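Biologist: Please take a close look at one part of this model, the way its domains meet, and set it out in one connected account. Touch on the backbone and the ligand too, where they help to place that part.

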Amino acid sequence: MIILGIETSCDETAVGVLEIKKTKAGFFIHPLSNIIASQIKIHRKYGGVVPMLASREHTKNIPIVTKKALKQASISEKSIDSKIDLIAVTKGPGLILSLLIGVNFAKTLAWKWDKPIIGINHLEGHLYSFLLPQTKSSKQIYNTESVFPSICLLVSGGNTQLIHVKGIGKYKIIGETRDDATGECFDKGARILGLSYPGGPAIAAEAAKCNKQGTQYSIQNTEYKIQLPRPMIDSKNYDFSFSGLKTALLYLTQDLGPKKVKKYCSVIAYEFQEAIADVLVEKTIKAAKEFKTKSIILAGGVSANKRLKEKFQARLKKERLNIKLLIPKLEYATDNAIMIALAGFFQYIKHGKKPLGWKNIEADSNLRLI
Ligand code: KG4
């Protein structure tokens, strides 16, 4: 079947077309188009997403992005009826003003084209994104038998959760952040260090300079021993807390003063990234062992972090754990609509392929994954 995916939960207007079917050998997955209009330039000067501006941009971009996605998938106005089988749209969680644009646009298309529509939890989209092959370039048959049970570390700008995934559609949240999300911590940390938005890639790039200077593993060799806490790393549960780390960074920069912060920025960024990654790796590995999982799935924007992946790989190797590390391709790590189409397919088969009406879809900014 062919699914049109629509995603507007935060600051990316994304539309994509996915061809997918269930075969005996596994799921045949073929992304036909993946168009994203990023608003990073608009929000950069504010150091974070401004909901009102995001919503305005979505309104402006969504018809254009949809047209491009259909064109890239070689679907003309006339062939929509015969080609599109289902519309999948993010209904939450996210910024309500942003969600409403995507949901109402999708509902209008469903009504106009007389197509079934399904509302998707954005986090469920992230969770499945590791299954997606590169757009256009490849088709993939994926057998999920070797994947589940799994532990998913979902780390994005708005969420941080550890999810025990027993199979497709069978989840249990076993831990989550008590305050800031991991991506939010990167974004706020970057702001404290005077780096650009989004903070994750900016901190990663700054930390990599530290590597180049040869100080990566010898922070002590610098004039200052830069050390930050690893919050809740030894706690008995699977929850996280990142706001204390952000405050520790703030105090550190206040102690050092602007000149030294500038001089040692790459070392500080490095230690900040290490602190975040250490906590994420420790808790995820602990959960994977306890639940005896076959794999660890990384999902969400922070899964694009190279150092985080390296640390996971090193730890699995060191402990000789027979656990697969599943990471989405870079193009699907951050927000996109193909992952929403994919989650739409799984929901659709779960509900016995019953046609769903546009009247039943509502945006819900606090939607939980159950
Ligand atoms: O999943 P995503 O695109 O949006 C949400 O659903 O929130 O994640 C965005 C977050 C931002 O906070 C950004 O700083 C972070 O992902 N991020 C990264 C990296 N790339 C994006 N964090 C760490 N390292 C990266 N390379």
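Modeller: Helices (H or I, at least four residues) and strands (E, at least two) are DSSP runs, numbered from the N terminus. In these terms Lys 292 sits in the loop joining α10 (265–290) to β10 (295–299), and its phi is near 50 degrees, a positive value in a residue other than glycine. The model is predicted, with local features needing pLDDT of at least 70 and side-chain atom pairs counting only at pLDDT 80 or more, while totals for chains, interfaces and linings use all residues. Numbering runs from 1 along each chain as its sequence is written, and side-chain values rest on heavy atoms, with hydrogens and water left out.

An automatic or database assignment supplies the domain bounds, and the protein chain is divided into domain 1, which spans 2–132 together with 331–360, and domain 2, which spans 146–327. Their C-alpha centres lie 28 Å apart, and the contact (heavy atoms within 4.5 Å) takes 20 residues from domain 1 and 22 residues from domain 2. Between the two domains about 1,700 Å² is buried, with carbon and sulfur atoms giving 71% of it; buried area here is the accessible area, for a 1.4 Å probe, that two parts lose on being put together, summed over both. Leu 123, Leu 127 and Phe 130 supply 37% of the area that domain 1 buries against domain 2, more than any other three residues.

As for charge and polarity, there are 0 salt bridges between the domains, a salt bridge being a side-chain nitrogen of Lys or Arg within 4 Å of a carboxyl oxygen of Asp or Glu. There are, however, 5 residue pairs in polar contact, both residues at pLDDT 80 or more; a polar contact is a pair of N or O atoms within 3.5 Å, where within protein one must be able to donate a hydrogen and the other to accept it, and residues adjacent in sequence count only if both atoms are side-chain atoms. On the side of domain 1 that touches domain 2, α1 (40–44), α5 (122–128) and α13 (338–350) each supply at least two residues, and α5 gives the largest share, 5 residues.

Elsewhere, the ligand has an oxygen atom 2.8 Å from a side-chain N or O atom of Asp 187, and a nitrogen atom 3.0 Å from a side-chain N or O atom of Asn 305.
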